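Subject: Structure for you to look at

Hello,

Here is the structure I promised to pass on. Please open it alongside this note; my findings follow below.

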Amino acid sequence: KQHCANAQAVAEFLQGHEKVKWVKYAGLKGDKYYDLAHKYMPNGTCGVISFGLKGGRKAAEEMMDKLKLAAIVTHVADSRTSILHPASHTHRQMNDEQLKEAGVAPDLIRLSVGIENVNDIIADLEQAL
């Protein structure tokens with residue numbers, strides 16, 4: 001329950017941030033899975049959010065370097081907030097064209113929102129952005 005509540009608040013924060021280009025989260029109105037998510041998961045969708053930044057790969061790398069609370073890891077679904085920028089971590093050997101061919105946007109950031117205080121999570125993202 002806490003993962004879902006925190007992720008909803010974080011997704012709404014990201015969606016409204018001037019440096020964020022796009023957000024994918026089924027709990028947001030306008031998401032292509034919004035209706036299905038509310039039908040099958042009426043108590044909350046999940047804790048995982050995908051988003052991209054204006055400024056692409058470089059902006060994402062810079063943001064990742066500034067994070068203090070979120071743990072940079074290659075997996076999701078932990079009780080702590082964890083985050084990954086595949087283009088500079090798991091797929092760092094690929095250039096932007098190769099990333100796109102593999103279905104990974106160069107600006108893609110995967111965020112698994114944990115159960116910490118949501119204000120602390122948002123503050124960490126805000127200072128990094």
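Along the sequence, the pattern runs α-β-α-β-α-β-β-α-β-α. That gives five helices and five strands. Please keep in mind that this is a predicted model.

Overall dimensions next. The chain has 129 residues, and a compact globule of that length would have a radius of gyration near 14 Å. The protein comes out at 14 Å, so the two agree. Along the principal axes, the C-alpha atoms fill a box of roughly 40 × 30 × 25 Å. As for burial, 44% of the 129 residues count as buried.

Now the surface. Which residues make the nonpolar patch of about 450 Å²? They are Tyr33, Leu36, Tyr40 and Met41. Leu36 belongs to helix 2, which spans residues 34-40. Is Leu36 buried or exposed? Neither: Leu36 is partly exposed, because its relative accessible area is 45%, and that label covers values between 20% and 50%. A residue enters a patch with over 30% relative accessible area and no salt bridge, so the 45% of Leu36 clears the area cut-off.

Last, the aromatic rings. How many aromatic pairs are there? The count is zero. One ring does have a charge over it: Lys24 lies over the face of Trp22. The distance from the ring centre is 5.5 Å, within the 6 Å limit for such a contact.

If you look at two places, I suggest the patch with Leu36 and the Lys24 contact with Trp22.

Best wishes

Key
Residues numbered from 1 in each chain as written. Predicted model: local features only at pLDDT ≥ 70, side-chain atom pairs only at ≥ 80, totals over all residues. Heavy atoms only, no water. Phe/Tyr/Trp six-rings, centres within 6.5 Å; stacked < 30°, edge-to-face > 60°. Lys NZ or Arg CZ within 6 Å of the ring centre and 35° of its normal. Patch = residues over 30% accessible without salt bridge, like charges linked within 9 Å, V, L, I, M, F, W, Y side chains within 5 Å. Areas by Shrake-Rupley, 256 points an atom, 1.4 Å probe, with all protein chains shown as cover. Salt bridge = Lys/Arg side-chain N within 4 Å of Asp/Glu carboxyl O. Helix = DSSP H or I, 4+ residues; strand = E, 2+ residues; numbered from the N terminus. Buried < 20%, exposed > 50% of the residue type's maximum accessible area, 1.4 Å probe, protein only. Rg over C-alpha atoms; globule rule 2.2 N^0.38 Å.
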